[in-house]
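The exercises below are to be worked with the sequence and the coordinates at hand. Each task is followed by a stepwise solution.

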Amino acid sequence: MAPIPHSKRSWGWFEIFNVWSNDIQSLFGYTLAASLFLTYGLNGWAVMAAIILAGVIVMFLVNLTGKPSVKYGIPFPVMIRASMGVRGANLPALLRAIIGIFWYGVQTYFASTAVALLITALFGAGDGTTFLGLSGVAWVSFVIVWLFQIAIFWQGIDRIKHFLNWAGPLVYLVMVVLMIVVWVQAGSELLPAIGTIFSGDGSHSGSGVAAFLAIVGTMVAYFAAVVINFGDFTRFVRSEREMKLGNLLGLPLNVAFFSFIALIITAGTLVLFGDALTNPADIVERVDSLPLTIVAALTFFAATVGINLVANFIPPAYDLANLFPSRISFKIGGLITAIIAFFVGALWVSVISQIGVPGFVNALGAIIAPFYGIIVVDYYLVKHQRLDIQQMFSSAPGSAYYYVKGWNQKALMAFGLAALFSISSVWVPALAALNGYAWLIGAGLGGLFYYVLMRNQAVAAAPTRS
């Protein structure tokens, strides 16, 4: 939790770029991008433009939340003490930890499917016996991935950095090879067909503009968890300039290239196989090349583990450590995360995916969205980019961020009002058209309500410390 001095920071633009590379290039990330081309019935190029626009929006959002952590070297659970209070910060930290742990278990399962693909290609699929919906090969693969992630995490943030740095570029290489294979087999008619191949196939009932905006909202929501706690990573970055360069290369430009790959491969599978395949593992199986299967399985595994470490392992570890700093260290927080997530992933196929729990987690995502607006408005408009780091670690009555018994009641009110609106867009059928914008609605209203309530708040003098 303590601030990291500039002299001990080793991350540059390449590390930030690879945070986003691993986020985008996971199995789930590719499947989401490919599905967007099929769901909305738009011209393929229009869908690609919407995905790129979402990348630009996310870049703008994370530049705002990343800057204070670059300046002060503090993670998200500490940063939000300035607005929520030294004890009130436990609320967003706990909610963020719950979401992270859930998706950590789910992504561990998805990563294990890549390992299962590799084992099956080399040794066969086994006798078909299943337990909780998973075969023997699937169980072995799941445990391998679960243990591997703990081993990487336990060696510290530098080891995670090195893993991300080689996993991101390697996945790109394999995806480019897969794109070329599909493109060559599909022939020269592929590119001209992209404009019309997806038209009329979608289920979206609104106008083309509404469909375009819904895609933008969906992609922004995909990055939402990392957007809120981006400071967990930028605290390791040497300068704000390197953070912004990493975000530029890792978001709009990276998303543009990756969505182009997804566009070509998705359209190619439609031409080649008559089916639009959205899971890269299924595509690799259809291509039927053992060397490609082996390399692809390893890289898909690496990419999914990468995003799991970035979005779903490190944040809950920080958040749990923040709840009980004297008893739970960063590593112990990570171990607790892994243990709970094991049961989530193990029960994913047989239980959790059948009972609609992801809807509950998406609702939690809408609930925590207001914290983004609160953090940004507090830092830039209320505190004017000045924080007193010593006071952020003080729970003494009368300290700058103690507010009322450690809670900022105005921030709680802003959060509650904004969350009510954003959660309604998920749960109320009459507001179903706003579902894709739940995160943006929550974040915008959280910031607006917080500013209205806090604009006349007397802020203790806070010397700039870096």
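**Exercise 1.** Is D378 buried or exposed? Then find its salt-bridge partner and its surroundings.

Solution.
- The model is predicted, and side-chain atom pairs count only at pLDDT 80 or more.
- D378 has 1% relative accessibility, and buried means under 20%, so D378 counts as buried.
- D378 is part of helix 17, which spans 357–382.
- The salt-bridge partner of D378 is K383, with the closest N and O atoms 2.5 Å apart.
- K383 has a relative accessibility of 3% and therefore counts as buried too.
- Leaving out residues up to four places away in sequence, D378 touches A82, S83, K383, H384 and Y450.

**Exercise 2.** How many salt bridges does a search of the whole structure find? Describe those that involve R238 and K244.

Solution.
- The search finds three salt bridges. One of them is the pair D378 and K383.
- As a general point, side chains of opposite charge can pair when their charged atoms come close.
- R238 meets E242 at 3.1 Å, N to O. R238 is partly exposed at 40% relative accessibility, whereas E242, at 16%, is buried.
- K244 meets E240, also with an N to O distance of 3.1 Å. Both K244 and E240 belong to helix 13, where they are four residues apart, about one turn of the helix.
- That spacing can be set beside the general rule: an α-helix has 3.6 residues a turn, so residues three or four places apart point the same way.
- K244 is partly exposed at 39% relative accessibility, and E240 is partly exposed with a relative accessible area of 25%.

**Exercise 3.** Which residues line the largest cavity? Assign the lining to elements and to residue classes.

Solution.
- Counting cavities of 30 Å³ or more gives two. The largest has a volume of about 60 Å³.
- Its lining consists of I24, G29, A33, I51, M219, Y222, V255, F258 and S259.
- Two or more lining residues come from each of helix 2 (27–39), helix 10 (208–222) and helix 13 (240–273). Helix 13 gives the largest share, three residues.
- By class, the lining of the largest cavity has seven nonpolar residues, two polar and no charged.
- I51, one of the lining residues, is located in helix 3 (residues 44–72). I51 is buried, with a relative accessible area of 3%.
- Beyond its neighbours within four places in sequence, I51 is in contact with A33, L36, F37, I215, M219, V255 and S259.

**Exercise 4.** Which residues line the second largest cavity? Repeat the assignment for this cavity.

Solution.
- The volume of the second largest cavity is about 40 Å³.
- T65, S69, F76, M79, I228, N229, G231 and I375 form its lining.
- Helix 3 and helix 4 (76–79) each contribute at least two of these residues.
- The lining of the second largest cavity divides into four nonpolar residues, four polar and no charged.

**Exercise 5.** What span should the 19 residues of helix 7 have at 1.5 Å a residue? Compare it with the model, then list the buried residues and what covers them.

Solution.
- The expected span is 1.5 Å times one less than the number of residues. For helix 7 (residues 136–154) this gives 27 Å, and the end C-alpha atoms are 27 Å apart, which agrees.
- The buried residues of helix 7 are V137, A138, W139, S141, F142, V145, W146, Q149, I150, I152 and F153.
- Their cover includes helix 6 (90–123), strand 1, strand 2, helix 8 (157–186), helix 15 (290–323) and helix 16 (330–346).
- Just after helix 7, G156 has a positive phi of about 100°.

**Exercise 6.** Where does L132 lie, and where does H384 lie? Comment on the phi angle of each.

Solution.
- Most residues other than glycine have a negative phi.
- L132 is not a glycine, yet its phi is positive, about 55°. L132 sits in the loop between strand 1 (130–131) and strand 2 (134–135), and at 31% relative accessibility it counts as partly exposed.
- H384 likewise has a positive phi of about 55° without being a glycine. H384 is in the loop between helix 17 (357–382) and helix 18 (389–392).
- H384 is also among the residues that D378 touches, which links this loop position to Exercise 1.

Technical notes: Residues numbered from 1 in each chain as written. Predicted model: local features only at pLDDT ≥ 70, side-chain atom pairs only at ≥ 80, totals over all residues. Heavy atoms only, no water. Buried < 20%, exposed > 50% of the residue type's maximum accessible area, 1.4 Å probe, protein only. Contact = heavy atoms within 4.5 Å. 1 Å grid on protein atoms, 1.4 Å probe; cavity = no way out; pocket = protein on both sides within 12 Å on 5 of 7 lines; lining within 4 Å. Points joined across faces, edges and corners; volume = space filled by probe spheres on them. Nonpolar A, V, L, I, M, F, W, Y, C, P; charged D, E, K, R; others polar. Salt bridge = Lys/Arg side-chain N within 4 Å of Asp/Glu carboxyl O.
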